[in-house]
Each structure stands twice: as C-alpha cells, then as structure tokens.
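Visitor: I am new to reading protein models. Could you show me how to go through one, step by step?

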Amino acid sequence: MRILIKNISHLFTPDLRAGYGKIIDKKNVHLLIHDGKIEKIFEFHDSTPEVDQVINASGKAVLPGFIDAHTHPVFWKTREDEFVMRIQGKSYEEIAAAGGGIRNSVRKFREAEKEAIKKVTRRRIRSFLEYGVTTIEAKSGYGLSTVDEIKSLEIINELNEEQPLEMIPTFLGAHEIPDEYRNDRQAYVELVCSEMIPLVAERKLARYCDVFCEKGVFTADESRRILTTAQKYGLKARIHADELAPFGGAELAAEIGAVTADHLVQTSEAGIKAMAEKGVIPVLLPGTTFFLGKDKYAPARKMIDAGCEVAISTDFNPGSSTTQNIQLIWTIAALKLKMLPEELLWASTYIPAKSLSSEDRIGAIEPGKQADLVILDIPNLNYLPYHYGMNHTFMTIKKGVVVFTRSG
Ligand code: NIG
Ligand code: FE
C-alpha cells in the first residue's frame, strides 16, 4: 500500500541533529508512505510514483502525529459538580480531603462493569485522534484495589488492540489512598508493592509505574519504595511530582532514575538541576494549572535553560484537566510557560516519544519511521498556538492509515 501526500506547503519536524527547539521546515514537498512507514520526502519537480491513494495537502502543514505522554483516560463518571464547587471557592485539595476528587472517581469506577467503562473510554479516546494525537501514555489509577486496577489496565490493553490510537499503559495504583485504607496507609503501600506490582508485571499489563507523590497523598519515602519495587519488576518509573506543594518529587525522580517527572509547578532549583544532570524528562501540564484556576505555572524556562528536554501534555482526567486538545495546551504553554512554537513541536512529538522509549519509531518525520502524521490547516507554525481553542486538524494518519478526516 502506497500513499502520496502531495503539495505539502510546510513539513515541520524536530531537527534531531541540531537539538531541542531547532526544527526543520521543508517547503513545497511531497511525502510517500509505503506499508505504514515513511519512504521518502521529495521536491515538487521530481516525478511522482504510482500510488494507491493521493492526499492533497496544498496550503497545509504536515507534522509528526502528536504524542501525549500523560493521560488518565479510564474513568467512569465525570466530576462537573466539583468544578462548580471550585468556582464557588473550594480548592482541589479541600475537595479531595473531604472525600471527593480521585476517591470520588474510584467509588464510581468500582461499581461499573468493565465493558461499560471500556465503551465510554473508547468514545473519549477517539477525540485524541481528532486533535492529531496518534499515541498516548494511559494510566490506570481509579481502581485502587487489585481487581479494579487490573480491570483498568485490561481496558487500556484491549482498546490498544482494537482501535487505531496507540496506548502505552502505566500502572498508577498509587494515585490516592482509597477509603478503606485511610487509617492504615502503610497497608495500602504494602498491597501495591507486594500484590499489585508483581501481578501487573507478571501479566505484562503495564510498561511504566507512576505515583502521585504529593502533600496529603504519597510521601517521598512511600513513593521511593513503590517506584523502586516497580523497577525491580521491570516497570520504569514516572512520577507526579511537586504539583501543589514542593515535596522533593523532582529530586526523588533524579535519585531513582525515573524516566519522567510530571507537573513540577513547585519544583526547587536543586530539583531542576538534579533532573537535568540525570536526564529526567519534565512532563509539564499547564492545562491542569489553568483548569485548577491557579496562577503559578511550572518554571519551564528555568528547566530548558538548565538543559532539560521538556515535554507538554494534556493530563486528560475527570478532575484537574478535562481536555484532549493538545493544540490548546500549545497555547497555554506558550503564554504561561513562555515556550516557543519550535520548542512546543519538540515537546509534543519527539520528547514524549523518548519518554515512552519509542523515539526510534515515532516522534519525527524521517524515512524509515512509522507514518504517524497529522495534517494541519495552518499557514505557518506560529499560527497553531495563536488561533487558540480551535481544532486545526485536517487529517490524522496512524501507521499509514487515515484515521480521521475533517468533514466539510
Ligand atoms: O494528574 N495528580 C493526580 N492525578 C491527576 C488528577 C486526577 C483527578 O483529579 O482525578 C492529575 O492532575
Ligand atoms: Fe496526572
């Protein structure tokens, strides 16, 4: 099967030789896809080969499909009532401490049948493809019991097989202390370490393990124990760190060799330095800061200046960030993290691919790489975060197959 994307006005891809924030902008080219892979990029005056399908990208831009390296898509009910409570002055932390938040989602998740949750999850992950996202990292974390965490990871793995969006699973059994362990948190940590992690690893249900390391949730010591146990079982570490209060999460990520540290709104200078030295990837989630109505954003420029390769993500979840629109995250990251469009391209393609150990296959447009592409109806790259709140996707292509086309 050969597909030709012809008359591309701009082909934007990270310049892997030049490094973070440097991009290649090829003007007026065609791109040939052969059996799901990028075969070649060539000039308008070259002769065009015989193909099975032609896509006209005149006036449009082709980018690597976006990669969202931090999502929580497997949940049952939404939490718009808590959103209104926040408008009325309650904080996210207060709602959580009173038994809402993640624990609210957990109670509902446990009551629902696996097939019903799978059905709503299938529908909501379809939106990622519509926004040009071709791969997501997907976390469990609304089960918080062995059976319910397995249920969540099974949904991710099964959906990965039956629809085009690629989902890379992360075990997040340590998302919160569930209701029944509030008076014995050590017993829950023990359950995660001695029962859940070994089972998840044995059944190969996840590639990564994550912990919500935060004041009022898991301490740095508990997080260290959970993540180093996971590492012994072959799961690599990611960590929700320093979102609401400085808590040593970035330092812990560097100490144990976590692949990513995520959120990082309150991270210290020492934490930034440690991440840069150890090559921990900061995954920044400015949509969450925005949606929680907070004013302080992650110090992205300090991280980039220190030599960190920053990624951005939606953090899609029912509580603190409800959008699947990575293009909107570009705008918030531009305005609030002061990241430039060229950096945002890296931050939403190649770096998240690297954080998922998949950069040899996805995250850039090069001959031999998988044909995961998005065609955007934009005249230049600056236009993408500038015309905000829109969906600029004209077409999404996963493994050389058209999986979304804008109608009209
Ligand atoms: O990344 N921080 C922890 N987890 C999510 C929130 C989950 C929820 O509120 O349901 C986050 O923000
Ligand atoms: Fe999260």
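**Reading the ligand and metal sites**

Guide: Keep in mind that this is a predicted model. Let us begin with a contact: a polar side-chain atom of H72 is placed 3.3 Å from an oxygen atom of ligand 1.

Visitor: Which oxygen-atom distances of ligand 1 involve the side chains of R79 and Y142?

Guide: A polar contact is a pair of N or O atoms within 3.5 Å. In this model an N or O atom in the side chain of R79 is 2.8 Å from an oxygen atom of ligand 1, and for a polar side-chain atom of Y142 the distance to an oxygen atom of ligand 1 is 2.6 Å. On its own ligand 1 has 320 Å² of accessible area, and the protein covers 100% of that.

Visitor: Where does ligand 1 sit, and how many residues surround it?

Guide: Ligand 1 sits in the largest cavity, and 15 residues surround it, with R79, Y92, Y142, H175 and S320 the closest.

Visitor: What are the protein donors of the iron ion (ligand 2)?

Guide: Donors are N, O and S atoms within 2.8 Å of the metal. Here H70, H72 and H240 each offer NE2, while D315 offers OD, and these donors lie 2.0 to 2.3 Å from the iron ion. Because H70 belongs to strand β6 (residues 66-71) and H240 to strand β10 (residues 236-241), the pair ties together parts that are 170 residues apart in sequence.

Visitor: Are H70 and H240 buried or exposed?

Guide: Buried means under 20% relative accessible area. H70 is buried, at 0%, and H240 is buried as well, at 3%.

How values were computed
Residues are numbered from 1 along each chain as its sequence is written. Chains are lettered from A and ligands numbered from 1 in the order in which they are written. This is a predicted model: local features need pLDDT of at least 70, side-chain atom pairs count only at pLDDT 80 or more; totals for chains, interfaces and linings use all residues. Side-chain values use heavy atoms; hydrogens and water are left out. Donors are N, O and S atoms within 2.8 Å of the metal (3.2 Å for Na, K and Ca); water is not among the atoms, so sites may look incomplete. Helices (H or I, at least four residues) and strands (E, at least two) are DSSP runs, numbered from the N terminus. Buried means under 20% relative accessible area, exposed over 50%, partly exposed in between (1.4 Å probe, protein chains only). A residue is near a molecule or strand if one of its heavy atoms lies within 4 Å of it. A polar contact is a pair of N or O atoms within 3.5 Å; within protein, one must be able to donate a hydrogen and the other to accept it, and residues adjacent in sequence count only if both atoms are side-chain atoms. Accessible areas come from the Shrake-Rupley method with a 1.4 Å probe; for residues, only the protein chains shown count as cover. On a 1 Å grid over the protein atoms alone, a cavity is a set of points where a 1.4 Å probe fits but cannot get out, and a pocket is an open set with protein on both sides within 12 Å along at least five of seven lines; lining residues have an atom within 4 Å of a point. A molecule sits in a cavity or pocket if more than half of its atoms lie within 2 Å of its grid points.
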